[in-house]
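Good morning, and thank you for making time for this item. I would ask everyone to look at the sequence and the structure together while I speak.

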Amino acid sequence: MFDDSYNTITINSEGKYTEKGSKFLSFCFPVKSEIEVKEILANLRKEYFDARHHCYAYRLGWDKSAFRFNDDGEPSGTAGRPIYGQILSNDLTNVLIVVIRYFGGTKLGVSGLINAYKIATIEALHSNKIIEIAIKDLYHIEFNYDKMSDVMKILKQPGIELIETDFNTICNITLSVTKTMTVQAYDALTKVENTKVEYIKTI
């Protein structure tokens with residue numbers, strides 16, 4: 001079973017951590033697609049072209065189904081995984097976190113690296129704001145004009161939002177319904193005579 005909401009961030013934010021001469025610059029970005037992720041990573045590589053490592057982790061989707069973490073040359077499991085660990089700790093999705101390292105000449109060892117990437121990530125997250133967003137299902141409904149009052153009575157319930165409307169002889173409405181209201185709204189609408197209800201997607 002999925003939750004009825006998810007946590008994400010609202011703005012870009014930055015953090016910084018220094019350990020034995022190595023500088024770790026951290027960046028958080030709200031994202032919704034892998035295309036956005038690739039564009040941001042490419043821009044950061046151009047801007048910080050002289051850095052030794054560009055490590056990152058991301059998770060996408062209301063169902064948190066798409067995720068990845070990358071060590072970018074650091075020992076396996078010492079960079080991308082601790083970054084991703086903070087995404088999990090805060091139960092975030094639709095987020096990209098990048099930590100860029102400027103090597104200071106002294107090796108930190110496995111535990112030192114894990115700690116550094118973790119702290120750098122936390123610093124960037126502390127500068128952000130985590131919000132909870134309700135998961136919504138999008139539907140398209142079609143009905144006869146003489147059923148307008150019956151349909152609108154249902155759509156006035158909390159948790160339902162009209163996105164697009166087209167009222168003619170045949171009326172069309174695109175709407176969003178919070179997960180908690182989906183079953184109730186769907187059942188009520190399908191009971192209205194000659195009303196077609198079509199699921200579009202979940203956001």
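I shall discuss a sheet, a helix, a buried aspartate and some salt bridges, in that order. Please bear in mind throughout that this is a predicted model.

Let me begin with the sheet. It is an open one, built from four strands in the order β9-β10-β8-β11, with antiparallel pairing. At its edges are β9, residues 160-166, and β11, residues 196-202, each of which pairs on one side only. On average, and ignoring direction, neighbouring strands of this sheet are turned by 20 degrees against each other. As general background, the strands of a sheet pair through backbone hydrogen bonds, in either a parallel or an antiparallel manner.

Within this sheet, strand β8, residues 136-144, is joined to β11 by six bridges in the antiparallel sense. To give one position in register, Ile141 stands opposite Val197 in β11.

Which helices pack on the sheet? Helix α4, residues 148-155, does so by touching β8, β9 and β10, and its direction makes about 165 degrees with that of β8. Helix α5, residues 182-190, also packs there, touching β8, β9, β10 and β11, and its direction makes about 10 degrees with that of β8.

I now turn to the buried aspartate. Asp137 lies in strand β8, and because its relative accessibility is 3%, it counts as buried. With which side chains does Asp137 make polar contacts? One partner is the side chain of Thr182, at 2.9 Å; another is the side chain of Thr202, at 2.6 Å. Leaving aside residues up to four places away in sequence, the residues that Asp137 touches include Leu175, Val177, Tyr199 and Lys201.

The next element is helix α3, residues 109-126. At 1.5 Å a residue, its 18 residues should span 26 Å, and the end C-alpha atoms are indeed 26 Å apart, so expectation and model agree. Its buried residues are Gly112, Leu113, Ala116, Tyr117, Ala120, Thr121, Ala124 and Leu125. In reading that list, recall that an α-helix has 3.6 residues a turn, so residues three or four places apart point the same way. The cover over the buried residues of α3 includes strands β1, β2, β3, β4 and β6, together with helix α2.

Finally, the salt bridges, of which the count comes to eight. In one of them, the side chains of Asp72 and Arg45 meet at 3.6 Å, N to O. Asp72 lies in the loop between β5 and α2, and Arg45 in helix α1, so this pair ties together parts that are 27 residues apart in sequence. Both are partly exposed: Asp72 has a relative accessible area of 23%, and Arg45 one of 36%.

A further salt bridge joins Arg59 and Asp91, with the closest N and O atoms 3.4 Å apart. Arg59 lies in strand β4 and Asp91 in the loop between α2 and β6, so parts 32 residues apart in sequence are tied together. Is Arg59 buried or exposed? At 7% relative accessibility, Arg59 counts as buried, whereas Asp91, at 30%, counts as partly exposed.

Asp91 also meets the side chain of Lys64 in a salt bridge of 2.9 Å, N to O. Lys64 is in the loop between β4 and β5, 27 residues from Asp91, and is buried, with a relative accessible area of 18%. Through shared partners, salt bridges thus join Arg59, Lys64 and Asp91 into one network.

How values were computed. Residues are numbered from 1 along each chain as its sequence is written. This is a predicted model: local features need pLDDT of at least 70, side-chain atom pairs count only at pLDDT 80 or more; totals for chains, interfaces and linings use all residues. Side-chain values use heavy atoms; hydrogens and water are left out. Two strands pair if DSSP finds at least two bridges between them. Helices (H or I, at least four residues) and strands (E, at least two) are DSSP runs, numbered from the N terminus. Axes are lines fitted to C-alpha atoms, for helices over the stretch in contact, and angles run from 0 to 180 degrees between N-to-C directions. Contact means heavy atoms within 4.5 Å. The expected span of a helix is 1.5 Å times one less than its number of residues. Buried means under 20% relative accessible area, exposed over 50%, partly exposed in between (1.4 Å probe, protein chains only). A polar contact is a pair of N or O atoms within 3.5 Å; within protein, one must be able to donate a hydrogen and the other to accept it, and residues adjacent in sequence count only if both atoms are side-chain atoms. A salt bridge is a side-chain nitrogen of Lys or Arg within 4 Å of a carboxyl oxygen of Asp or Glu.
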